[in-house]
Amino acid sequence: GGAVGDLAGFVAATYMRGLSFVQLPTTLLAQVDASIGGKTAIDHPRAKNLIGAFHQPRLVVIDPEVLLTLPDREYRSGLAEVVKHGIALDADYFEDVEANVEKLLLRDLATLERIITGSCRLKARVVEADEREGGLRTLLNYGHTVGHALEAVTDYARWLHGEAVSLGMVAAGRLARRLGVAAHDAVDRQIRLLRAIGLPVTFDGPAPEVILRAMGSDKKVRDGKVPFILSPRIGEARLAFDVPAEAVLEALKELQESRPVLG
């Protein structure tokens, strides 16, 4: 899984100033995201992945058949990163996931192989262009600003990573709509797909103010400003550092008010 791969990669990056290592991801989240790109880290009580290094694996070996024995909650958690890639990077990929939710939930191997391959290609393309996250790679953090804060304030015990990212994507979508960056239908499509997969799109507690404070400890904060990835439309994303705290709080409150999305 992603946590095991991150830990092993971090040890490999630091022991004797670097050892070669191979990733053999056996969860969907690790296969489509954590094993690709060379980010290795461990969590800290203050923030997610706060201690880490960039250290590329020599090889990544992915076998979709191992997912047939993955617990359902872990499997759905991995689909959050699949959805993220579609929202932030590729509208056609997002539509493919939309059209094949039932097959994905049934773990149809042919569909899984296509979707996993698509995610790996999308992420690898970004990493090749921006390995150290100086620009383009930040788009892969869509949903993670709020998601990481949710994990940290609940001691990494309440939500799986993909579940927290799902909530983070809904928050980012509602925030973009509130700021006039995204159209209503684009945000609603995101929420509908996440709900169809069985991922959380609303939550009760912790308080929005607590989550906002936790965002200030994120390792991506620059000059005291919290970065947000906003998606104007499916398949596109952009970085914003000038998001008013009041708008973030209102978006988080919307997540707690359980507003339905029809369709």
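Q: Hi! Before we look around, what makes two rings a pair here?
A: Rings of Phe, Tyr and Trp (its six-membered ring) pair if their centres lie within 6.5 Å; planes under 30 degrees apart count as stacked, over 60 as edge-to-face and the rest as tilted.

Q: And what kind of model is this?
A: This is a predicted model, where local features need pLDDT of at least 70, side-chain atom pairs count only at pLDDT 80 or more, and totals for chains, interfaces and linings use all residues. Residues are numbered from 1 along each chain as its sequence is written, and side-chain values use heavy atoms, with hydrogens and water left out.

Q: Thanks! So how many aromatic pairs does the structure hold?
A: One. Tryptophan 159 and phenylalanine 203 form the pair, edge-to-face, at 6.0 Å centre to centre and 90° between the planes.

Q: Where do those two sit?
A: Tryptophan 159 is in the loop between helix 7 and helix 8, while phenylalanine 203 is in the loop between helix 9 (184-197) and helix 10 (208-215), so the pair links parts of the chain 44 residues apart. Helices (H or I, at least four residues) and strands (E, at least two) are DSSP runs, numbered from the N terminus.

Q: Is tryptophan 159 buried or exposed?
A: Buried, with a relative accessible area of 11%. Phenylalanine 203 is buried too, at 5%. The cut-offs are under 20% relative accessible area for buried, over 50% for exposed and partly exposed in between (1.4 Å probe, protein chains only).

Q: What does tryptophan 159 touch?
A: Leaving out residues up to four places away in sequence, its contacts include Arg73, Leu150, Phe203, Gly205 and Pro206. A contact means heavy atoms within 4.5 Å.

Q: Which way does the peptide bond from glycine 205 to proline 206 go, cis or trans?
A: That bond is cis, with omega near -10°. Proline 206 is in the loop between helix 9 and helix 10.

Q: New topic: which residues other than glycine have a positive phi?
A: Arginine 17 is one of them, with phi near 60°, and glutamate 133 has a phi of about 60°.

Q: Are they buried or exposed?
A: Arginine 17 counts as exposed, at 84% relative accessibility, whereas glutamate 133 counts as buried at 18%.

Q: Where are they along the chain?
A: Arginine 17 lies in the loop between helix 1 and strand 1 (22-23). Glutamate 133 is in the loop between helix 6 (109-129) and helix 7.
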